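Trainee: Could we go through this model together? I would like to learn how each label is earned.
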Amino acid sequence: MSVEGSRNESEEQGSSKKKQLILNAFVMNSPGHLAPGLWKHPRNNTSEYTQLKFWTDLAQLLDQANFHAIFIADVLGGYDVYKGPANVSPGVPAAAQFPVNDPLYTVPAMAAVTKNLIFGVTASTTYDQPYALARRFSTVDHLSGGRVAWNIVTSYLDSAARNFGLDTQVEHDERYRIADEYLDVVYKLWEGSWRDDAVVKDRESGQYADPERIRQIHHKGKYFTVPGPHICEPSPQRTPFLFQAGTSKAGKEFGAKHAEAIFVSAQLPELVKPQADAIRALAKDQFGRDPSHIKILAGMTIIVAETDEAAERKRAELLSYGDKEGALALFGGWTGIDLSSYTDDEDFRFTKEPSIRSVIDRWSKTVPGSENLPWNKPRIAEYLTLGGITPKAIGSPKTVVDELERWVEMTSIDGFNLTNITNPGSFEDIIEFVLPELQRRGLFRTKVEKEGVTAREALLGSPWLLEDHPGRKFRWAAGEEPPIYPETTV
Ligand SMILES: Cc1cc2nc3c(=O)[nH]c(=O)nc-3n(C[C@H](O)[C@H](O)[C@H](O)COP(=O)(O)O)c2cc1C
């Protein structure tokens with residue numbers, strides 16, 4: 001086992017003094033993730049998302065290029081606000097995050113054909129029961145050799161709430177309070193229900209596992225009652241590596257407490273820096289964690305070609321496949337705002353409706369080059385069609401990598417979460433044009449130093465939750481007495 005530490009493997013290798021970046025490919029188990037209408041583009045294979053080959057080809061492409069992770073978004077309901085209520089139809093032709101298959105099932109197939117790629121899978125603490133979720137992640141952590149990560153979300157769509165039998169969503173901050181207890185439950189199951197050495201597989205004595213080393217967790221809290229024991233034996237990481245992406249106060253606090261990697265999202269590095277600083281300060285001051293134990297990744301959409309002009313032409317060509325209705329459906333789901341009653345000419349910078357104006361004000365003030373342009377429906381659709389609301393780096397390899405490097409220098413981020421407009425097209429372009437330039441500048445690994453390690457070893461240098469992580473206190477290590485859980489009876 002490796003020595004615990006906070007440095008990721010790519011930081012350690014090579015003689016370059018520059019921090020090597022963590023690169024994550026952002027996808028969804030759907031024909032249309034963040035590029036409504038683009039499913040029909042010739043370089044997009046996402047219409048084959050129901051086929052294992054789509055996933056195994058993609059995983060191999062990324063693994064061979066030394067990407068650190070593939071991260072699969074997920075939602076549990078349709079985008080039904082635009083032209084609603086409860087109407088998914090406008091987004092259907094564009095496949096605007098509809099249909100969406102479950103992400104977890106793709107992982108074992110991808111793991112079987114790759115060595116190092118980490119698989120980040122989104123699952124919701126609002127709609128999944130902790131006992132069942134713990135089992136599913138343990139299963140996949142086993143089957144992937146410890147390469148699974150959980151993107152913890154509390155979910156944001158009313159349509160999901162209705163489909164899970166609620167009239168409306170659980171209130172926002174209450175969702176995070178539930179999530180916090182949820183994490184205690186799964187830590188108890190993953191870390192503390194089985195001792196490290198509970199599985200003995202002793203053919204002589206006929207003992208598969210030692211019952212003395214397995215225990216119930218007796219969790220009885222405000223939201224959950226789970227006696228245990230965990231029905232799965234300890235997997236390579238026990239707790240899967242933990243991703244999160246909260247932006248609200250409650251979301252940031254939750255992330256600063258539990259996450260091992262956090263996705264931040266803003267148009268400008270000037271805005272990412274305070275987000276990253278705030279997360280790290282919270283982690284240290286409120287939760288006693290070493291801030292370097294949280295990797296921070298910024299979202300980015302890259303359109304790259306041989307020259308700046310060729311990249312601009314590529315942008316225009318991609319945009320020609322966009323679907324305005326699909327984009328407005330996504331806008332509706334993300335913001336809760338139905339723009340269907342407005343004309344195409346309405347400039348939302350000046351609209352009377354405050355909720356719309358606040359979203360658009362933020363965009364018009366921060367999306368580079370847009371200060372003096374009208375923000376009307378066609379422009380919102382155009383912006384969202386190429387990578388949703390992530391910032392865009394468009395140009396030659398030099399232009400794009402200059403921009404990435406600028407972001408890294410201006411912020412304290414550890415890497416990027418790279419969206420796709422076409423899949424695998426966007427990733428093929430990044431691999432062909434961007435990675436060599438990053439590598440030339442010492443910003444990205446040229447090989448994986450330690451092959452076949454778990455996600456946590458690759459990103460934090462330790463197989464187990466680090467000592468300062470709140471889940472660590474639940475761990476039942478070999479030869480030790482079980483830790484006492486204050487609120488439970490062991
Ligand atoms: C890069 C990124 C990926 C996200 N992926 C998902 C997802 O797959 N499913 C989901 O329900 N929410 C997802 N979210 C939303 C966040 O979980 C979170 O709800 C959102 O950032 C708002 O923050 P808040 O919950 O603190 O208000 C994502 C956010 C970001 C920035």
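Trainee: What makes Asn 66 buried?

Mentor: Its relative accessible area is 11%. Buried means under 20%, exposed over 50%, and partly exposed in between, using a 1.4 Å probe and protein chains only. So 11% puts Asn 66 in the buried class. Keep in mind that this is a predicted model, where local features need pLDDT of at least 70, side-chain atom pairs count only at pLDDT 80 or more, and totals for chains, interfaces and linings use all residues. Residues are numbered from 1 along each chain as its sequence is written, and side-chain values use heavy atoms, leaving out hydrogens and water.

Trainee: What is the phi of Asn 66?

Mentor: Asn 66 has a positive phi of about 70°, although it is not a glycine. Most residues other than glycine have a negative phi. Ala 95 is another case, with phi near 55°. Ala 95 is also buried, because its relative accessible area is 5%.

Trainee: Where is Ala 95 found?

Mentor: Ala 95 is in the loop between strand 2 and helix 3. Helices (H or I, at least four residues) and strands (E, at least two) are DSSP runs, numbered from the N terminus. Pro 85 is found in the loop between strand 2 (69–73) and helix 3 (107–112), and the peptide bond from Gly 84 to Pro 85 is cis, with omega near 10°.

Trainee: Why does Asp 63 have no salt bridge?

Mentor: A salt bridge is a side-chain nitrogen of Lys or Arg within 4 Å of a carboxyl oxygen of Asp or Glu. For Asp 63, the nearest side chain of opposite charge is Arg 147, at 5.0 Å, so the cut-off is not met. Asp 63 is nonetheless buried.

Trainee: How do you know that the side chain of Asp 63 makes a polar contact with Leu 117?

Mentor: The side chain of Asp 63 reaches the backbone nitrogen of Leu 117 at 2.8 Å. A polar contact is a pair of N or O atoms within 3.5 Å; within protein, one must be able to donate a hydrogen and the other to accept it, and residues adjacent in sequence count only if both atoms are side-chain atoms. So the 2.8 Å pair fits the distance cut-off. The backbone nitrogen of Asn 116 also lies 3.1 Å from a polar atom of the Asp 63 side chain.

Trainee: Which polar side-chain atom lies 2.5 Å from an oxygen atom of the ligand?

Mentor: That atom belongs to Tyr 176. A polar backbone atom of Ala 245 is 2.6 Å from a ligand oxygen.

Key:
Lys, Arg positive; Asp, Glu negative; His and termini not counted.
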